[in-house]
Amino acid sequence: MPRLHLIVSEPDRRRYAAAARREGLSLSAWLRAAAADRLDRRAGTHPFRTEEDVWQSFADRDAEMGYGVEPDWERHVAGIRASQRRGAPGI
């Protein structure tokens, strides 16, 4: 099996070793599992291939967050101006 040389700070080494002990693993086994977990989490992500992919990603995130369609810019500006006329602080 190939070997890797990994340089980490002493505090990080202690944290990793403690986590490995809690899980009943050697430090090497714990590091391999942590790396595999990270790769598995990222395996579901895909790079954007088209502009449509980008816009779809924005729509998906908005749907996840529960956001609706944003009002148009003129409506935002009208709201800001109305607040200024009323003297709302911080506007």
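## The largest pocket and the helices of a predicted model

The largest pocket encloses a volume of about 470 Å³. The structure described here is a predicted model. Fourteen residues, that is 14, line the largest pocket, and Leu4, Leu6, Ser28, Leu31 and Arg32 lie nearest its centre. By class, the lining of the largest pocket holds 9 nonpolar, 2 polar and 3 charged residues. Helix H1 (10-22) and helix H2 (27-43) each contribute at least two residues to this lining. H2 gives the largest share of the lining, 5 residues.

The arrangement of H1 and H2 is described next. The axes of these two helices, H1 and H2, come within 9 Å and cross at roughly 95 degrees. H1 is therefore roughly perpendicular to H2. The contact of H1 with H2 comprises 7 nonpolar residues, no polar residues and 1 charged residue. The residues that meet are set out by helix below.

| Helix | Residues in the contact of H1 with H2 |
|---|---|
| H1 | Arg13, Tyr16, Ala17, Ala19 and Ala20 |
| H2 | Leu27, Trp30 and Leu31 |

Leu31 thus appears in two settings: this residue of H2 meets H1, and Leu31 is also among the residues nearest the centre of the largest pocket.

A further helix, H3, covers residues 51-65 and has 15 residues. From its first C-alpha to its last, H3 reaches 22 Å, which is close to the 21 Å expected at 1.5 Å a residue. Just after H3, Gly66 adopts a positive phi of about 80 degrees.

Conventions:
Residues numbered from 1 in each chain as written. Predicted model: local features only at pLDDT ≥ 70, side-chain atom pairs only at ≥ 80, totals over all residues. Heavy atoms only, no water. 1 Å grid on protein atoms, 1.4 Å probe; cavity = no way out; pocket = protein on both sides within 12 Å on 5 of 7 lines; lining within 4 Å. Points joined across faces, edges and corners; volume = space filled by probe spheres on them. Helix = DSSP H or I, 4+ residues; strand = E, 2+ residues; numbered from the N terminus. Nonpolar A, V, L, I, M, F, W, Y, C, P; charged D, E, K, R; others polar. Axes fitted to C-alpha atoms, helices over the stretch in contact; angles between N-to-C directions. Parallel < 35°, antiparallel > 145°, perpendicular 65-115°, else oblique. Contact = heavy atoms within 4.5 Å. Expected span 1.5 Å × (residues − 1).
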